[in-house]
Amino acid sequence: MHRRADQGWIEVICGPMFSGKSEELIRRLVRFQIARVPTQAFKPAVDTRYAVGEFVSHSRLTLTAEPVTNSDELLRAVEDRTVVVGIDEAQFFDDGLLDVATLLANAGKRVIVAGLDLDYLGRPFEPIPTLMTRAEYIMKTLAVCHRCGGPGMHTQRVVESDELVLLGATGAYEARCRRCYDPSEAVQPPLDLGETVATA
Ligand code: ADP
Ligand code: MG
Ligand code: ZN
């Protein structure tokens with residue numbers, strides 16, 4: 001009943017760091033698992049920040065996920081019987097993810113992809129922006145601006161580095177609203193907003 005080919009589609013969950021993308025992805029996948037719909041979850045193998053074999057949100061929600069090194073490997077790992085495919089941290093995948101997601105959706109699978117839509121300089125962070133044009137459903141999640149509490153849509157880097165991807169540096173990023181976001185800003189110590197924010 002779950003396997004009709006006309007039920008395939010793509011859902012995108014995007015927004016800055018700390019906006020609840022992983023939480024939302026986990027929430028959707030857990031609902032399918034409760035309904036006993038065959039589900040598989042994938043994450044890029046480079047993302048080893050908290051754990052290798054699972055998704056972990058900043059609020060420490062977890063879900064078992066298979067690490068894969070690229071979109072090809074992801075495609076090969078998807079089992080025939082799988083109906084729902086969840087993918088977190090899509091910005092760490094190659095652009096091949098666009099075709100892989102399309103192929104899976106065309107084959108009747110529900111592909112749910114979460115990732116950053118903007119990099120720390122405020123530029124579109126592929127493949128999410130293009131994937132949004134190929135998706136049936138899009139959700140943009142917002143964080144709480146670490147400076148003013150406003151709607152945080154940007155990821156601001158607060159340590160000095162020119163690397164596009166800077167992994168595992170605790171405290172290296174803050175969520176910022178459009179007024180507080182300034183990619184050219186000199187590095188400033190983060191505001192003390194208390195435990196929940198400071199440790200995430
Ligand atoms: P994402 O995957 O988008 O980085 P997560 O789902 O991992 O986000 O984490 C979201 C959780 O992070 C929130 O529910 C909250 O507990 C915590 N959090 C920490 N800092 C912030 C912030 N500035 N704004 C919103 N949530 C935050
Ligand atoms: Mg996340
Ligand atoms: Zn702000």
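In this predicted model, P127 is placed in the loop that runs between β7 and α4, and the peptide bond that joins E126 to P127 is cis, with an omega of about 10°. Backbone geometry of another kind is found at R36, a residue other than glycine whose phi is nevertheless positive, near 60°. R36 belongs to the loop between α1 and β2 (39–44), and it is classed as exposed because its relative accessible area, 73%, is over 50%. R60, again a residue other than glycine, has a positive phi near 75°, and its place is in the loop between β3 (54–56) and β4 (62–64). A positive phi, near 100°, also occurs at G108, which follows helix α3.

With regard to the overall architecture, the protein contains five helices and twelve strands. Of its 200 residues, 46% are buried, and the surface that the protein exposes amounts to about 10200 Å², of which carbon and sulfur atoms supply 52%. When the contacts with a separation of 6 or more are considered, 71% of them are accounted for by residues that stand 24 or more positions apart.

The largest nonpolar core consists of 22 residues, and those with the most contacts inside it are I10, L74, I87, V111 and V113. At least two residues of this core are supplied by each of β1, β6, α3, β7 and α4, and the largest share, six residues, comes from α3. In general terms, nonpolar side chains in soluble globular proteins tend to be buried together. L74 itself, when residues up to four places away in sequence are not counted, touches F42, V68, I87, F93, L97, V100 and L104. A second core, separate from the one just described, comprises 14 residues and includes I13, L25, V37 and L63.

Helix α3, which spans residues 96–106, has L97, L98, V100, A101, L104 and A105 as buried residues. The cover over these buried positions of α3 includes the strands β1 (9–14), β6 (84–87) and β7 (110–115), together with the helices α2 (71–77) and α4 (128–133). Three of the residues touched by L74, namely L97, V100 and L104, are thus listed among the buried residues of α3.

Ligand 1 is surrounded by 16 residues, of which F18, K21, E23, H58 and V144 come nearest. By class, this shell is made up of six nonpolar, eight polar and two charged residues. Three polar pairings between ligand 1 and the protein can be described, beginning with an oxygen atom of ligand 1 that is 2.9 Å from a polar backbone atom of F18. An oxygen atom of ligand 1 also lies 2.7 Å from an N or O atom in the side chain of K21, while a nitrogen atom of ligand 1 is found 2.8 Å from a backbone N or O atom of V144. Of the 570 Å² of accessible area that ligand 1 has on its own, 84% is covered by the protein. The elements that contribute two or more residues to the shell around ligand 1 are α1 (21–34) and β9 (143–144), and α1 gives the most, with three residues.

Two further positions, T155 and L166, may be considered in turn. T155 has its place in strand β11, which covers residues 154–157, and it is classed as buried because its relative accessible area, 4%, is under 20%. The side chain of T155 reaches the backbone nitrogen of M17 at 3.0 Å, and M17 is also one of the residues that T155 touches when those up to four places away in sequence are not counted, the others being P16, L116, D119, Y120, Y173, E174 and Y181.

L166, for its part, is placed in the loop between β11 and β12 (173–176). With a relative accessible area of 21%, L166 counts as partly exposed, because this value lies between the limit of 20% for buried residues and that of 50% for exposed ones. Leaving aside neighbours within four places in sequence, L166 is in contact with R157, V159, S161, A172 and Y173. Y173 therefore appears in the contact lists of both T155 and L166, given that contact is taken as heavy atoms within 4.5 Å.

Technical notes: Residues numbered from 1 in each chain as written. Chains lettered and ligands numbered in written order. Predicted model: local features only at pLDDT ≥ 70, side-chain atom pairs only at ≥ 80, totals over all residues. Heavy atoms only, no water. Helix = DSSP H or I, 4+ residues; strand = E, 2+ residues; numbered from the N terminus. Buried < 20%, exposed > 50% of the residue type's maximum accessible area, 1.4 Å probe, protein only. Areas by Shrake-Rupley, 256 points an atom, 1.4 Å probe, with all protein chains shown as cover. Near = heavy atom within 4 Å. Polar contact = N/O pair within 3.5 Å; in protein donor to acceptor, adjacent residues only side chain to side chain. Nonpolar A, V, L, I, M, F, W, Y, C, P; charged D, E, K, R; others polar. Core = buried A, V, L, I, M, F, W, Y, C linked by side-chain atoms within 4.5 Å.
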